[in-house]
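User: Please take a close look at the aromatic side chains in this model. I would like one connected account, with the geometry given pair by pair.

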Amino acid sequence: METKLERIADKASHEIRPKFTSLYHLLNEELLTQCHKELDGRKAVGVDGVTKEEYSQNLKENIRNLVERLKNKAYKPAPSLRVYIPRGNGTMRPLGITVYEGKIVQLGLKKIIEAVYEPKFRGNMYGFRPEKSCHMAVKEMIGQITRKRINYIVDADIKGFFDHMNHEWVLKFVGYYIQDPNILRLVEKYLKAGVLEAGEYHAAEEGSSQGNIISPLLANIYMHHVLILWFREYWTKRGSGENFLENYADDYIAGFENKWEAEKYYEQMQERLGKFGLKIETSKSRLIEFGRYAKERRKRKGKGKPETFEFLGFTFYCGESRKGTFVVKAKTSGKKYRMKIKELKKWLKGRLMKPIRETMEILNRKLSGHYRYYGVTYNIPMLIKYHYHATKLLYGMMNRRSQKRSYNWEGFREMLKYYPLAYPKRYVNLYE
């Protein structure tokens, strides 16, 4: 099966406008069984409550029955279960949890569509792609600003991107290379499956639920056609000054040498998004002066320090290296930092009656995960600050485990000798 998908990817990479008219048959027992093996059985269950373990008990028959329904066009995706997780700004982000069988089909469908589209995606797209990461997007963005004559940054935020992708356009974009009507019909079924929230069904007229396996790929395809190719054609090729665009799923940052081009892009970008049912969040979108000359220019104008912008959980600001050369520095975004501290405080509060050894093991995994993401060049001070607050929160939790005060700071430090907290370190060099 991998060989078949590789052949599809090879054809897609070598033809300007490949047309794939027969792909649906690849959703066979071999591919779907492989998808079952790859799925994480610890993930939340959908509306039917079926787990991976339960589905595995009669796996061959379940897969055979699933393939038969797919062949007969009798397969109907179940609605996603709507849940909410907190955002950094205090609001809640809606997620959709698919039933386990639906995850198998979505993963198989994703593999097929991805084989076609992955070779077509541009190099400045980093979201949810093989061998791509947030850190790679950040590193390349910093490189673009420092290598090129970039003086202005356009920081735009799309309002509810996943919730507002137009279904008709999604199908047109997927169908640009994939002209197998059965594949397109299955994609449409998932788009129209709807969600179940508090026992009430809600039909889906637009968007694709975050949390569904297929959604990130459909989002990339949407952005590829709506923004990435448009920017390349009208700005990279025709722009009078230097520029760049870096994209991670629905997050993107554009940079320009000339202010008038940055202003024109900001205006036309909104018109372009509007054509496809999207709008920017004006309160979070702006054009700022940024780059190696921003500090000097703003000082001459009496405007103070250069402004900052946020991308992928980091705040970026103009700085200098030890040698005095211009560098773009990154630090943990303030709102992300506050959210992480709030989450940690809530988690520790729920560990009051749990064994301290277990609590410390899990806490260290949480700290290490935070350091691995935010442990980038120039951000060590924010990691030390996070470690300090984590230590204080842990101390407070330890003293709430009983009515009597359990520890003073001296006793707490002795405890940390037996159960040391993971200490910050840099994991990613943004300037290699």
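How many aromatic pairs does a search of the whole structure find?

Analyst: The model is predicted. Searching the whole structure gives 30 aromatic pairs.

One of them joins Phe173 and Tyr222. Their ring centres are 5.4 Å apart and the planes meet at 75°. An angle over 60 degrees counts as edge-to-face, so the pair of Phe173 and Tyr222 falls in that class. Phe173 belongs to helix H8 (residues 167–174), while Tyr222 belongs to helix H10 (residues 215–236). The two rings are 49 residues apart in sequence, so their contact ties together separate parts of the chain. Phe173 has a relative accessible area of 7% and is buried. Tyr222, with a relative accessible area of 1%, is buried as well.

A second pair, Tyr395 and Trp409, is stacked, with 4.0 Å from centre to centre and 15° between the planes. Tyr395 sits in helix H15 (residues 380–398) and Trp409 in helix H16 (residues 409–418). This pair also links distant parts of the chain, its members being 14 residues apart. Tyr395 is buried, at a relative accessible area of 8%, whereas Trp409 is partly exposed, at 37%.

Phe173 and Tyr222 also belong to a cluster held together by ring pairs. The cluster includes Phe161, Phe162, Trp169 and Phe276 too.

Rings also have charged neighbours here. Lys329 lies over the face of Tyr378, 4.5 Å from the ring centre. Lys11 is placed over the face of Phe20, with 5.7 Å to the ring centre.

For the cysteines, the result is brief: the structure has zero disulfides. Cys35 is buried at 0% relative accessibility, and Cys134 is buried at 16%.

Apart from the side-chain contacts, there is a strand to describe. Strand E7 (residues 251–256) is mostly covered, with five of its six residues buried. E7 pairs with strand E3 (residues 152–157) in the antiparallel sense, over six bridges. In that pairing, Val154 has Ala254 of E7 as its bridge partner. Strand E6 (residues 243–248) also runs antiparallel to E7, and six bridges join E6 and E7. Glu246 stands opposite Ile253 of E7. The hairpin of E6 and E7 has two residues between the strands, and Ala249 takes a positive phi near 55° there.

Terms used. Residues numbered from 1 in each chain as written. Predicted model: local features only at pLDDT ≥ 70, side-chain atom pairs only at ≥ 80, totals over all residues. Heavy atoms only, no water. Phe/Tyr/Trp six-rings, centres within 6.5 Å; stacked < 30°, edge-to-face > 60°. Helix = DSSP H or I, 4+ residues; strand = E, 2+ residues; numbered from the N terminus. Buried < 20%, exposed > 50% of the residue type's maximum accessible area, 1.4 Å probe, protein only. Lys NZ or Arg CZ within 6 Å of the ring centre and 35° of its normal. Disulfide = S-S within 2.5 Å. Pairing = 2+ DSSP bridges.
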